[in-house]
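Q: I should like a close look at the salt bridges of this model. Please set them in the context of the chain as a whole.

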Amino acid sequence: MRFWVYLKPYSRWFIVGITLFFLLQALIRHWQEVTTLQINSRGWATLAGAWCVTFLAHIWSGWVWTWILGELNQQVNNYQFVRVYLKTNIAKYLPGNIWHYYGRITAAKDAGIATSIATLSVLLEPLLMAAAALIIVLLGIFFEVTNHRFLLILLSLLGLATILVGIHPWFLSRAIRLLGKLKLKKNSKQQIDSNSYIVIRYPLNPLLGEMGFVLLRGSGFLLTLLAFDSLELAQLPLLLGTFSLAWLLGLVIPGAPGGLGVFEATAIALLQHRLSPGIVIGAIAFYRLVSILAETAAAALAWLDERRLNFN
């Protein structure tokens, strides 16, 4: 155990090194294919569509966060909290990959929400995203023919079952009480309102909302691929499932901020034998650019809208 504590600070850099090595190796191997890629006017229009879909996905994700708070019996100003979500979202690219969560917890506390509930809301969001991604992965796997198909289905089902049980109201209520008690130990003057710590409903609507988010992100990725090559209708379920798995690993593996590197390495490994490797590498690079530009634009829009309201 002490050995792991000693190595833990270096594990992040180890994962970053492995992913960068794989990406560099893939780029060197298929460099000539990448340099021959060309984007025509139709391709640029398709990339613009990918940006729009990704932009909408982040706005939608902020709206789903307000649903999560609603499931935790919090009445919030939806537009205000969507702005908070969009402004803090870009902070996930900072070292540590936690500052977007910290910003949301701080904003929720400033709005009068208990720290325990604010904390649980930002912990629930990635769990629901992971469950949504796993559902899409499972649907995509059924279109895959591989010797590892059964293992992938089994692992996905186990992960999904664990998350779906973990977000049951019985567990959520106890998690809020535990977080509340930990907070009380730091400030003995606070009191617990037991009614505010009861979660009655299963968070089904937020789960469906996060499925919509992952599908929107996946649609942006498909449009990015489409900018470089044509796609067949039969490929779409598998491509969406592959994207969801790569995006999920980028979410849960403690690598570079924002899943940078982990998503790219996984997507290349999964797609390079199904599509032209050069197209895959080019599309994945452009998709990361599209995603960052969409997140930046959404954060800027939220900031400008807040300034407008303050000015008025």
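A: A salt bridge is taken here to be a side-chain nitrogen of Lys or Arg within 4 Å of a carboxyl oxygen of Asp or Glu. The general background is that side chains of opposite charge can pair when their charged atoms come close. The model is a predicted one, and by this rule it has six salt bridges. Three of them, which involve helices H4 and H12, are followed here in turn.

The setting comes first. The chain has 12 helices and zero strands. Of its 312 residues, 44% count as buried. Among contacts with a separation of 6 or more, 75% join residues that are 24 or more positions apart. Helix H4 covers residues 78-89, and helix H12 covers residues 277-311.

Lys-87 and Glu-306 pair in a salt bridge whose closest N and O atoms are 2.6 Å apart. Lys-87 belongs to helix H4 and Glu-306 to helix H12, so this pair ties together parts that are 219 residues apart in sequence. How accessible are the two partners, Lys-87 and Glu-306? Lys-87 counts as partly exposed because its relative accessibility is 28%. Glu-306 is also partly exposed, at 26%.

Another salt bridge joins the side chains of Asp-305 and Arg-83, with an N to O distance of 3.2 Å. This pair, too, links distant parts of the chain: Asp-305 is in helix H12 and Arg-83 in helix H4, 222 residues apart. The cut-off for a buried residue is under 20% relative accessible area. Arg-83, at 14%, therefore counts as buried, whereas Asp-305, at 22%, counts as partly exposed.

Asp-305 has a further partner. Arg-308 forms a salt bridge with Asp-305, and their closest N and O atoms are 2.7 Å apart. Here the two residues both lie in helix H12, three residues apart, or about one turn of the helix. The spacing fits a general rule: an α-helix has 3.6 residues a turn, so residues three or four places apart point the same way. Arg-308 is partly exposed, with a relative accessible area of 44%. Through Asp-305 the two bridges join, and Arg-83, Asp-305 and Arg-308 are linked in a network of salt bridges. One member of that network, Arg-83, is buried at 14%, while Arg-308 is partly exposed at 44%.

A residue of helix H3 extends the picture beyond the charged pairs. His-58 lies in helix H3 and is buried, because its relative accessible area is 2%. Leaving aside neighbours within four places in sequence, His-58 is in contact with Tyr-85, Leu-86, Asn-89, Phe-213, Arg-217, Ser-291, Ala-294 and Glu-295.

The connection that precedes helix H4 also merits a look. Between helix H3 (41-71) and helix H4 runs a loop that holds Asn-73. Phi of Asn-73 is near 65°, a positive value in a residue other than glycine. Asn-73 is partly exposed, with a relative accessible area of 38%.

Beyond these features lie the nonpolar parts of the chain. The largest nonpolar core has 69 residues, and those with the most contacts inside it are Ile-113, Phe-221, Trp-247 and Phe-263. Helix H6 gives this core its largest share, 16 residues. In helix H6, 22 of the 27 residues are buried, so the helix is largely enclosed by the rest of the structure. The end C-alpha atoms of helix H6 (residues 115-141) are 39 Å apart, which agrees with the 39 Å expected at 1.5 Å a residue. Ile-113, apart from neighbours within four places in sequence, is in contact with Leu-69, Gln-74, Val-76, Phe-81, Ala-108 and Ala-118.

At the surface, the chain exposes about 16,900 Å², of which carbon and sulfur atoms supply 68%. Leu-94, Ile-98, Trp-99 and Tyr-102 make a nonpolar surface patch of about 430 Å². Of these, Tyr-102 lies in helix H5 (residues 99-110) and is exposed, with a relative accessible area of 52%.

To return to the salt bridges, Lys-87 with Glu-306 and Arg-83 with Asp-305 each join helix H4 to helix H12. The pair of Arg-308 and Asp-305 lies within helix H12.

Terms used:
Residues are numbered from 1 along each chain as its sequence is written. This is a predicted model: local features need pLDDT of at least 70, side-chain atom pairs count only at pLDDT 80 or more; totals for chains, interfaces and linings use all residues. Side-chain values use heavy atoms; hydrogens and water are left out. Helices (H or I, at least four residues) and strands (E, at least two) are DSSP runs, numbered from the N terminus. Buried means under 20% relative accessible area, exposed over 50%, partly exposed in between (1.4 Å probe, protein chains only). Patches are made of residues with over 30% relative accessible area and no salt bridge: like charges are joined within 9 Å, nonpolar side chains (Val, Leu, Ile, Met, Phe, Trp, Tyr) within 5 Å. Accessible areas come from the Shrake-Rupley method with a 1.4 Å probe; for residues, only the protein chains shown count as cover. The expected span of a helix is 1.5 Å times one less than its number of residues. Contact means heavy atoms within 4.5 Å. A nonpolar core is a set of buried Ala, Val, Leu, Ile, Met, Phe, Trp, Tyr and Cys residues joined through side-chain atoms within 4.5 Å.
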